[in-house]
Amino acid sequence: MSTQSIPPSTRAVRAIEEASIAPAPSPLKVVLRVASTVWSNGKARIGIVILGLFILVAIFAPLLAPYGARQNGFDRSADASAAHWLGTTAAGEDVLSQLIWGSQISIFVGLVAGLLSTVIAVLVGLSWGYVRGFGADVINFIVNLFLVIPGLPLMIVIAAYLSGGGIGMIIVVVVITGWAWGARVLRSQTQSLRSRDFVTAAVFSGERPFRIVFREILPNMTSLIVGNFFGAATAAILAEAGLEYLGLGDTTVVSWGTMLFWAQNSNALLTGQWALLFAPGLCIALLATSLTLINFGVDGISNPRLREGKQR
Amino acid sequence: MTSVTIAPGSADVSAAPRITGSGRGRAWAYVARKAGLLLLTLWAAITLNFILPRLMPGSPADAALAKLAQNGPVSDATKAAIEAQLGVPTGNILEQYVAYLHQVVTLDFGVSYTFYPQSVSELVSTALPYTLVLVGVVTIIAFVLGTLLGVLAAWKRGTWLDTLPTLAGSFASAFPYFWTALLLLFFAGYVGRLFPTSGAYGPTATPAFTIGFLGDAIYHAALPALTILITSLGGWILGMRNTMISTIGDDYVTFAEANGLKPRTVALRYAARNAILPNLTSFGLALGGVVGGSILVERVFGYPGIGYLLFNAVTNQDYPLMQALFLMITVSVLIANFLVDILYGVLDPRTRR
C-alpha cells in the first residue's frame with residue numbers, strides 16, 4: 001500500500017466538483033468528453049467493439065445472411081455442414097441466417113425500450129427531485145411500488161392479456177416495468193444538485209422551474225443518464241428474450257428469443273442440436289455483456305474512484 | 001441494473017419525523033413505520049392486481065367463463081368469483097372491488113380451469129414450498145458468496161482476484177436465465193446424464209419428510225439451483241466491489257491502516273462492514289429479479305414451483321390462476337423486502353432515527 005500525497009477523498013471531491021459544477025459546456029464537448037472517458041476504460045472498449053460488431057451485422061443482415069430468415073425446405077434438424085454452418089431447425093430453416101436476422105430485433109428492442117425508459121426516468125426523476133412536499137411523497141410511493149413489484153411476473157401477466165401483440169407490445173411491457181430504477185437514481189442526484197450554488201443563482205435570476213430542471217440541472221447528469229440508458233437497454237434485451245422464449249411475443253417473428261422458443265418446443269435437446277441452443281443464447285449474452293461493459297466506463301464519468309488506471 | 005449506488009436509506013430517512021425518546025422506543029417506531037408502509041404497499045399491489053385485467057382490451061372474465069364452461073356447467077358461485085376477480089363490463093366497480101378484497105382476505109381465488117377441478121389455492125399451496133426453498137436458499141448462498149468475493153476483489157484491486165470475478169461475474173449476469181438453464185440441462189442432463197432432466201422428485205418418490213425423499217429432492221433441485229446461482233452471483237460481486245472501493249477511500253480506513261491494523265481486520269471489520277449496508281438495500285430489489293428468473297428456470301427444468309405454474313396458467317390463458325400467482329409472488333417479495341428493511345435498521349442504527 002503506497003502513501004499518497006493528496007488524500008483520496010479531497011482528490012475525489014475536487015474531481016466531482018470539476019465534473020459537475022463547471023458552467024454548462026456545449027453539447028458537442030460533453031459528448032466528446034463522455035466518449036473519450038468511456039473509451040479510456042479497457043472493459044468499456046471491449047464492450048464498444050462487440051456492440052459495434054452486432055450493430056454492423058444487424059444493418060448488413062441482408063448481405064451477410066446466406067438465406068432468408070424464414071426460408072425453409074432444407075433438411076430438417078440437420079447437423080452443421082458446409083451449406084448450413086450451424087445446421088437447420090426442425091422446420092428446415094437455416095440457423096445461421098436466423099441468427100443474423102434475429103440480431104435486428106434484439107438491437108431494435110434494446111435501443112427503443114432503453115431510450116423510452118430513460119426518457120420516462122429523466123422526466124419523472126428530475127421533476128421528483130425538484131418538487132417537495134406531498135407531491136414528492138406520492139411519486140416516491142409509486143416509484144417504490146414499481147421497484148419492488150417483480151418485473152418479469154408483471155411483464156408476463158400484461159403480455160398474457162395482450163397476447164399476440166408482437167414487438168410493439170413487448171417494448172411497451174418492458175418500458176412499463178423498467179423506468180423506475182432510473183427515476184430513483186436520477187432523483188437522488190437531482191436532490192443533491194438542487195442545493196448547489198448555480199441552481200440557487202438560477203432561482204434568484206428568476207428562471208422558471210422547468211428551465212432550471214431541464215437546462216441547468218439536466219446537463220450535469222449526462223453520465224448518469226447515459227449509464228441509465230445502457231442499463232435499461234440491457235434489461236430490455238434480456239426481458240424481450242425471456243418473454244419470447246416463453247412464447248409470449250409473436251412467435252412467427254424470427255428473433256433470438258423465438259429461436260430458443262422453437263428449439264425447446266421441437267425438442268432440440270433430445271435431437272442433440274447444440275448449435276441451435278447455444279448460438280442464440282450466446283448472442284443475447286454477448287450483446288447484454290457489451291452494454292454492461294460499456295457501463296463500466298460510464299460509471300467512471302460520474303465516480304472518478306471507479307476509473308481505471310488511477311488507483312488509491 | 002446499473003452499478004450506481006444510492007445513499008443508504010436516503011429516501012425514507014429524510015422524510016421521517018425525528019422521534020425523540022429511548023433507543024428502544026425509536027426502534028419500535030421504526031418497525032411501526034416500516035410495517036405501515038408495508039400495509040400501504042400491499043394494498044397498492046392488491047389493487048393493481050384488481051385494475052390490470054380491467055384495463056385490458058376484450059373481456060378476460062368472458063374468456064375465462066367460456067373456458068370454464070368447457071369442463072361442464074358453471075355454478076353461480078364460480079361465476080361470481082371470476083367476475084369479482086377479472087371484472088364484468090356492466091357491474092358496479094365498487095361492489096366488484098369489495099368482493100375482490102373479500103376473496104383476497106379469505107384466499108379464495110376460485111377454480112383453475114387448466115387443472116380442473118382443483119382450486120387455485122390448492123395449486124398454489126402445493127407449488128409454493130418448492131419455489132420458496134429453491135429461491136430462498138440459493139439467494140442467501142449467492143448473497144453471502146458474492147459479497148465475500150466482492151470484498152476480495154475490491155481489496156485486491158487490479159490483481160487477478162479482482163479482474164477474474166468482475167469479468168466472469170458481469171458476463172455471467174448478462175446470461176439470460178433460461179439460456180444458462182438450457183445449457184446446463186443439455187450438458188449435465190442429456191449429454192452427461194449426471195442429473196435428472198425434469199421434475200422435483202423421482203417418479204417413484206412420494207413427498208414426505210424422510211431422508212430419502214429430501215435427498216431425491218435436492219438431487220432434482222441441483223441444476224435449477226446452480227442456474228440461479230451462476231446468473232445472480234455476478235450482481236452481488238459487482239455491487240459489493242463498487243461500494244467497497246468507495247469505502248476504502250474513506251478517511252477512517254486510511255486511519256485504521258495508519259494505526260497498523262492487520263490488512264484483513266481493516267478490510268473486513270472497517271471497510272466491508274460499512275460497504276455491505278448499501279448492498280443490503282439492493283437485496284430486496286434483486287430478489288424480484290431472482291424470482292422472475294426462477295420462472296424461466298422452472299419452465300426449462302419442468303420444476304413444479306410457482307414459476308412453472310404461472311407459465312402453465314399463461315399458456316392456457318388461465319386468468320384466475322395467473323392473477324392469484326402474480327399476487328402471491330408480489331406479496332412474497334414485498335414481505336421479504338420488509339424483513340430486509342427491518343434487518344437494515346438493526347444493522348445501521350442511523351436509519352432508525
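This report describes a predicted model of two chains, A and B, moving from the chains themselves to their contact and then to selected helices and residues.

**The two chains**

Chain A contains 14 helices and 0 strands, and its order along the sequence reads α-α-α-α-α-α-α-α-α-α-α-α-α-α. Chain B, for its part, has 13 helices and 0 strands. Of the 312 residues of chain A, 47% count as buried, while in chain B, which has 353 residues, buried residues make up 45%. In chain A, 73% of the contacts between residues at least 6 apart in sequence join residues at least 24 apart, and in chain B the corresponding share is 72%.

On confidence, the predictor gives the complex an ipTM of 0.78 and a pTM of 0.79. Chain B averages a pLDDT of 80, and 89% of its residues score at least 70. Over residues 1-20 of chain B, however, pLDDT stays under 50, and for this stretch the model has 41 contacts beyond four places in sequence.

**Where the chains meet**

In the model, 53 residues of chain A are in contact with 58 residues of chain B. On the side of chain A that touches chain B, at least two residues are supplied by each of helix 1 (8-21), helix 6 (134-148), helix 7 (151-161), helix 9 (180-193), helix 12 (222-245) and helix 14 (274-302) of chain A. The largest share of that side, 12 residues, comes from helix 14 of chain A. Sorted by class, the side of chain A that touches chain B has 32 nonpolar, 16 polar and 5 charged residues.

**The largest nonpolar core**

The largest nonpolar core has 179 residues, and those with the most contacts inside it include A:M155 and A:I156 from chain A as well as B:F178, B:A181, B:L310, B:M322 and B:L325 from chain B. Helix 11 (residues 263-301) of chain B gives the most to this core, with 17 residues. In soluble globular proteins, nonpolar side chains tend to be buried together.

One of the residues named for the core, B:L310, is in contact with A:P153, A:I156, B:I295, B:M322 and B:L325, leaving aside its neighbours within four places in sequence.

**Two bent helices of chain B**

Helix 11 of chain B is mostly covered, with 29 of its 39 residues buried. The table sets helix 11 beside helix 9 (residues 211-248) of chain B, giving for each the span between its end C-alpha atoms and the span that a straight helix would have at 1.5 Å a residue.

| Helix of chain B | Residues in helix | Span between end C-alpha atoms | Span if straight | Bend |
|---|---|---|---|---|
| Helix 9 | 38 residues | 46 Å | 56 Å | about 45° at B:A222 |
| Helix 11 | 39 residues | 45 Å | 57 Å | about 45° at B:A272 |

In helix 9 of chain B, a proline, B:P224, follows within four residues of the bend at B:A222. Just after helix 11 of chain B, B:G302 takes a positive phi of about 55°.

**Two buried residues of chain B**

B:L296 is found in helix 11 of chain B. B:L296 counts as buried because it has 28 C-beta neighbours inside 10 Å, where 20 or more are needed. Beyond its neighbours within four places in sequence, B:L296 is in contact with A:G242 and A:Y245 of chain A, and with B:Y177, B:F178 and B:A181 of chain B. The C-alpha atoms of B:L296 and B:F311 are separated by 8.4 Å, although the two residues are 15 residues apart along the chain.

B:F326 has its place in helix 13 (residues 319-347) of chain B. B:F326 also counts as buried, because 25 C-beta neighbours lie inside 10 Å. Leaving aside its neighbours within four places in sequence, B:F326 is in contact with A:P153, A:V157 and B:N49. A:P153 is also among the contacts of B:L310. B:F326 and B:L310 are 16 residues apart along the chain, and their C-alpha atoms are separated by 8.0 Å.

How values were computed: Residues numbered from 1 in each chain as written. Chains lettered and ligands numbered in written order. Contact = placed C-beta atoms within 7 Å. Nonpolar A, V, L, I, M, F, W, Y, C, P; charged D, E, K, R; others polar. Buried ≥ 20, exposed ≤ 12 C-beta atoms within 10 Å, placed from the backbone. pLDDT = per-residue confidence, 0-100. Core = buried A, V, L, I, M, F, W, Y, C linked by C-beta atoms within 7 Å. Expected span 1.5 Å × (residues − 1). Bend = angle between axes of the 7 residues up to and from the residue.
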